[in-house]
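Please open the model in your viewer and keep the selection tool at hand. The tour below moves from one selection to the next and says what is to be found at each stop.

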Amino acid sequence: MITIENDQFKAEINEFGAELTHLISKKDNFDYIWNDVPEVKFWKRHAPILFPAIGRSNGDSYEVNGTIYPMTQHGFARDRDFTVTTQSASQVVFTQEANTETRAVYPFDYVLEVTYTLQSDGLHVAAVVTNNGADEMPFALGFHPAFNVTQNADGSFADYSLTLKGVKGPVEQFGIGPVPYRDGTKKPLAQAQGDVIPLTHEFLDDGLVIIANSDIEEATLSSSSQTHAVTLDVHEFPYLTIWSPEHEKAPFICVEPFAGLPDQAGEPADWLQKAGNNIVAPSSSKDFAFTILPH
């Protein structure tokens, strides 16, 4: 486990998956990141990195250049070690590279570099995906942070909402069905009240909600009855997803920047043609970043 800190915050990141496990405000020792309750075990993860897939693939497989490959849900990066390449008091850089095992399921010479930097106002997370191979490389990249929320006596969090900044039109979502696949449609997000999305367990019991608006600059998770809130600066990501475990009344909400989409239900997808996928040319890189701003 790697710890970085500054005068305002302390963060812990696991080398396994380069997963953020704690983001603690030193002002009041509040941890913004979910950690499971041993006697309940809602969800063992905290903030996994999704690469090179987001969601579950049709038939747990996909196609590229005429060949079918297996792929686990959300890809494999979250379940492999990263190497710490650089570290200072307030910053750490993790790197994961292709090897024989990954090439068997993802035939590309990738490098995934993730940098966590504590700033005075929060945690900046940057990712660079590099293609060291000779062919175009398709991929999806997502971050899946789970944020602690304070529940009411009945286990609800109905006083929480997600407020979107930058959205220029009505809030839309991708149709989901059967869960966890897309159904190929977009529709208005009925729950939205302008740029505010009231949050309830019932709203999230149908599974993930993927917001289709690509112009979101920031998303703020807050409660009218709580002092802690968190804003995500997500302007570099085209999609944003909301999730909490279905029918569990779990005391956390995931707000997830996505550069990629789950499969549309059907046959294994051709990743070079799949909606939402990124394509990086040989000997090239693509950069992504977002910031978690606690308050």
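Begin by selecting residues 91-97 and residues 110-119, which are strands β9 and β10 of this predicted model; the two run antiparallel to each other and are paired over seven bridges. To find the register of this pairing, pick T95, whose opposite number in β10 is E113.

Now widen the view to the sheet to which these strands belong, an open sheet of nine strands that follow one another in the order β8-β9-β10-β11-β25-β21-β20-β15-β18, with antiparallel pairing. Colour β8 (83-87) and β18 (196-198) separately: each has a single partner strand and stands at an edge, so one side of each is left without a neighbour in the sheet. Looking across the strands, you will see a twist that averages 15 degrees from one strand to the next. As background for what you see on either side, the side chains of a regular strand alternate between the two faces of the sheet.

For the next stop, select β20 (residues 218-223) and β21 (residues 230-233), which a hairpin of six residues connects. Four bridges pair these two strands in the antiparallel sense, and L221 is found opposite V230 of β21. Then add β25 (residues 284-294), which runs antiparallel to β21 and is joined to β21 by four bridges; here the residue to pick is L232, whose bridge partner in β25 is I292.

While β25 is still selected, show the aromatic side chains, among which the structure holds 24 pairs. One of them is formed by F143 and F290, whose ring centres lie 5.0 Å apart with the planes at 55 degrees, so the pair is classed as tilted. Because F143 belongs to strand β13 (residues 141-143) and F290 to β25, this pair ties together parts that are 147 residues apart in sequence. Both F143 and F290 are buried.

Which residues have the most contacts inside the largest nonpolar core? They are Y116 and I197, in a core of 73 residues, and the largest share of this core, five residues, comes from β10. Select Y116 first, which is found in strand β10 and has a relative accessibility of 2%, well inside the buried class, for which the cut-off is under 20%. From Y116, draw a distance to A126, which is 10 residues away along the chain: the two C-alpha atoms are separated by 6.7 Å.

Move next to I197 and display its surroundings, where, leaving aside neighbours within four places in sequence, the contacts are S161, L162, L164, V171, L189, Q191, A192, F203, I211 and I242. Another core lies apart from the one just visited, with 18 residues that include I54, F174, W243 and A250.

Finally, zoom out until the whole chain is in view, with its two helices and 25 strands. The radius of gyration is 19 Å, close to the 19 Å given by the globule rule for 295 residues, so the protein is as compact as a globular protein of that length. Along the principal axes, the C-alpha trace spans about 55 × 45 × 40 Å. If you colour by accessibility, 54% of the 295 residues will appear as buried. In a contact map restricted to residues at least 6 apart in sequence, 64% of the contacts join residues at least 24 apart.

How values were computed. Residues numbered from 1 in each chain as written. Predicted model: local features only at pLDDT ≥ 70, side-chain atom pairs only at ≥ 80, totals over all residues. Heavy atoms only, no water. Pairing = 2+ DSSP bridges. Axes fitted to C-alpha atoms, helices over the stretch in contact; angles between N-to-C directions. Phe/Tyr/Trp six-rings, centres within 6.5 Å; stacked < 30°, edge-to-face > 60°. Buried < 20%, exposed > 50% of the residue type's maximum accessible area, 1.4 Å probe, protein only. Core = buried A, V, L, I, M, F, W, Y, C linked by side-chain atoms within 4.5 Å. Contact = heavy atoms within 4.5 Å. Rg over C-alpha atoms; globule rule 2.2 N^0.38 Å.
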